[in-house]
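Student: Could we go through this model together, one question at a time, with the reasoning spelled out for each answer?

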Amino acid sequence: MDLLLSITIFVAFGAVFVFLNLAVGALIRPKVPNPEKSACYECGEPSIGSSWVQFDLRFYIVALVYLIFDVEVALFYPWAVAYGSAINEPTAAAAFQLRQVAIVDMLFFFGVLLVGFAYLWRFGYLDWVRSAATTSFKADYRPGLDLSREARIDRPI
């Protein structure tokens with residue numbers, strides 16, 4: 001009970017501290033709104049157009065593929081430890097049986113990942129530059145685009 005009470009007191013003090021600082025900051029800070037403060041800040045560059053842009057799905061797919069294969073490598077370690085410790089089994093038959101099960105499990109695991117990799121490769125999800133024939137999004141390119149005029153639609157230059 002003492003542990004639960006101390007955890008509750010710690011969480012309560014933490015929440016009060018955070019919300020008290022937020023409230024004091026909201027009351028004390030100056031409120032001087034202007035269009036410059038309301039503009040989106042992105043690396044010091046003036047924003048061009050709307051912030052509602054279509055995100056290229058290839059970034060997401062590459063990140064997911066990396067995550068999947070990274071986790072696969074992390075799961076190879078416990079398998080290798082179990083496979084290597086099979087030598088310490090009391091009988092040779094038990095060690096051989098444990099190694100057979102371990103290798104079948106890992107081959108199945110690796111096979112499922114290879115099927116997923118082949119699917120991604122077959123349908124072109126791993127191609128960074130796709131041809132215009134396979135892409136539904138067509139970029140609207142205008143030569144001679146003046147970025148200074150595009151950046152400030154609300155103010156004439």
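Tutor: Let us start with a definition: a residue counts as buried under 20% relative accessible area, as exposed over 50%, and as partly exposed in between. Please keep in mind throughout that this is a predicted model.

Student: Into which class does valine 71 fall: buried, partly exposed or exposed?
Tutor: Valine 71 belongs to helix α3, which covers residues 57-84. Its relative accessibility is 41%, and the partly exposed class lies between 20% and 50%, so valine 71 counts as partly exposed.

Student: Of which surface feature is Val71 a part, and what is the accessible area of that feature?
Tutor: Val71 belongs to a nonpolar patch on the surface, whose members also include Phe55, Leu57, Phe59, Tyr60 and Trp128. Taken together, the residues of this patch have an accessible area of about 990 Å².

Student: How many helices and strands does the protein chain have, and in what order do the elements run?
Tutor: The protein chain holds five helices and zero strands. Read from the N terminus on, the order of its elements is therefore written with helices alone, as α-α-α-α-α.

Student: What percentage of the residues of the protein chain count as buried?
Tutor: The protein chain exposes about 14000 Å², of which carbon and sulfur atoms supply 71%. Of its 157 residues, the share that counts as buried is 7%.

Student: Which residues of α3 are buried, and against which helix do they pack?
Tutor: In α3 the buried residues are Ile61, Val65 and Glu72. In α4 they are Ala95, Ala102, Met106, Leu113 and Leu120, and these pack against α3. Correspondingly, the buried residues of α3 pack against α4.

Student: How far apart are the end C-alpha atoms of α3, and what span should its residues give?
Tutor: At 1.5 Å a residue, the 28 residues of α3 should span 40 Å, and this agrees with the distance between its end C-alpha atoms, which is 41 Å. For α4, with 31 residues, the expected value is 45 Å, and the reach from its first C-alpha to its last is close to that, at 44 Å. For α3, then, the distance is 41 Å and the expected span 40 Å.

Student: What kind of aromatic pair do phenylalanine 76 and phenylalanine 110 form, and how many residues apart in sequence are the parts that it ties together?
Tutor: The structure holds two aromatic pairs. In the pair of phenylalanine 76 and phenylalanine 110, the ring centres are 6.2 Å apart and the planes stand at 45°, so the pair is tilted. Because phenylalanine 76 lies in helix α3 and phenylalanine 110 in helix α4, the pair ties together parts whose separation in sequence is 34 residues.

Student: Which class do these two phenylalanines share?
Tutor: Phenylalanine 76 has a relative accessible area of 25%, and phenylalanine 110 has a relative accessibility of 33%. Each value lies between the cut-offs of 20% and 50%, so phenylalanine 76 and phenylalanine 110 both count as partly exposed.

Key. Residues numbered from 1 in each chain as written. Predicted model: local features only at pLDDT ≥ 70, side-chain atom pairs only at ≥ 80, totals over all residues. Heavy atoms only, no water. Helix = DSSP H or I, 4+ residues; strand = E, 2+ residues; numbered from the N terminus. Buried < 20%, exposed > 50% of the residue type's maximum accessible area, 1.4 Å probe, protein only. Areas by Shrake-Rupley, 256 points an atom, 1.4 Å probe, with all protein chains shown as cover. Patch = residues over 30% accessible without salt bridge, like charges linked within 9 Å, V, L, I, M, F, W, Y side chains within 5 Å. Salt bridge = Lys/Arg side-chain N within 4 Å of Asp/Glu carboxyl O. Phe/Tyr/Trp six-rings, centres within 6.5 Å; stacked < 30°, edge-to-face > 60°. Expected span 1.5 Å × (residues − 1). Contact = heavy atoms within 4.5 Å.
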